[in-house]
Amino acid sequence: MRWSALFVVLLATVAEARSPAPRRPPPPIDRHCTVTESSAKLAECIATHARGSTVVPIASDLQRVRTLEGREYLFVKFGERWRLIYRPGDANYELVGRSELKVGADLARRIDLGHHVQLGNRGMFHERVSLVCRGEGCAAFVTACTVLQRGRAVETFRGELRVTREGAMTIEGDRSHATSICRGR
């Protein structure tokens, strides 16, 4: 009887240890500031839900927000409304181009961001992320990726963003020189 009681307690302990950890809620800025009605409301929302954040206007309709915890957010203005469209992984993103793109009968907004990261003391990773915004939604595409080691490109990919007849977007380019880092992007 003693062994069976010990076995039940042990089994309950193992089952409890395997239960998944509770999910943490998203940060307040993700819950409350994804869409705001004006520039003033966006500033108020950031001041309330992400105190101490740095807001950097990149263009008249594009703002980057960095929280004290190191999270990055990119907001774009559609008419009078501001919308959270992208969460860069770090602060090494910069605006490199803006243009319009014809998608079907509509014009879409294209925002190109350059991203660079130091790889150890001898390498560098560069990529270009193209955000294509139709209506009030945006999709992200990696249109270029290069890894440099000791000044030489060890892998690279350059692609062109193409729109199909159905209005879908694809990346066309030669991926034969893309290996472990650039292939999955």
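This passage describes strand 4 with its two pairing partners, and then the surroundings of E127 in strand 8. The model is predicted, so that local features are reported only at pLDDT of at least 70 and side-chain atom pairs only at pLDDT 80 or more, whereas totals for chains, interfaces and linings use all residues. Residues are numbered from 1 along each chain as its sequence is written, and side-chain values rest on heavy atoms, with hydrogens and water left out.

Strand 4 spans residues 72–78, where strands are DSSP runs of E of at least two residues, numbered from the N terminus. Of its 7 residues, 6 are buried, a term that denotes under 20% relative accessible area with a 1.4 Å probe and protein chains only. Strand 4 pairs in the antiparallel sense with strand 3 (residues 62–66) over 5 bridges, pairing being assigned if DSSP finds at least two bridges between two strands. Within this pair, L62 has V76 of strand 4 as its bridge partner, and in the hairpin, which has 5 residues between the strands, G70 adopts a positive phi near 95 degrees.

Strand 4 is also joined by 5 bridges to strand 5 (residues 81–86), again in an antiparallel arrangement, with L74 standing opposite Y86 of strand 5. The hairpin of strand 4 and strand 5 has 2 residues between the strands, and here G79 takes a positive phi near 65 degrees.

E127 lies in strand 8, which covers residues 123–134, and counts as buried because its relative accessibility is 6%. Apart from neighbours within four places in sequence, E127 is in contact with Y93, L113, G114, H115, V142, A144, C145 and R185, contact meaning heavy atoms within 4.5 Å.

How values were computed:
Helix = DSSP H or I, 4+ residues; strand = E, 2+ residues; numbered from the N terminus. Buried < 20%, exposed > 50% of the residue type's maximum accessible area, 1.4 Å probe, protein only.
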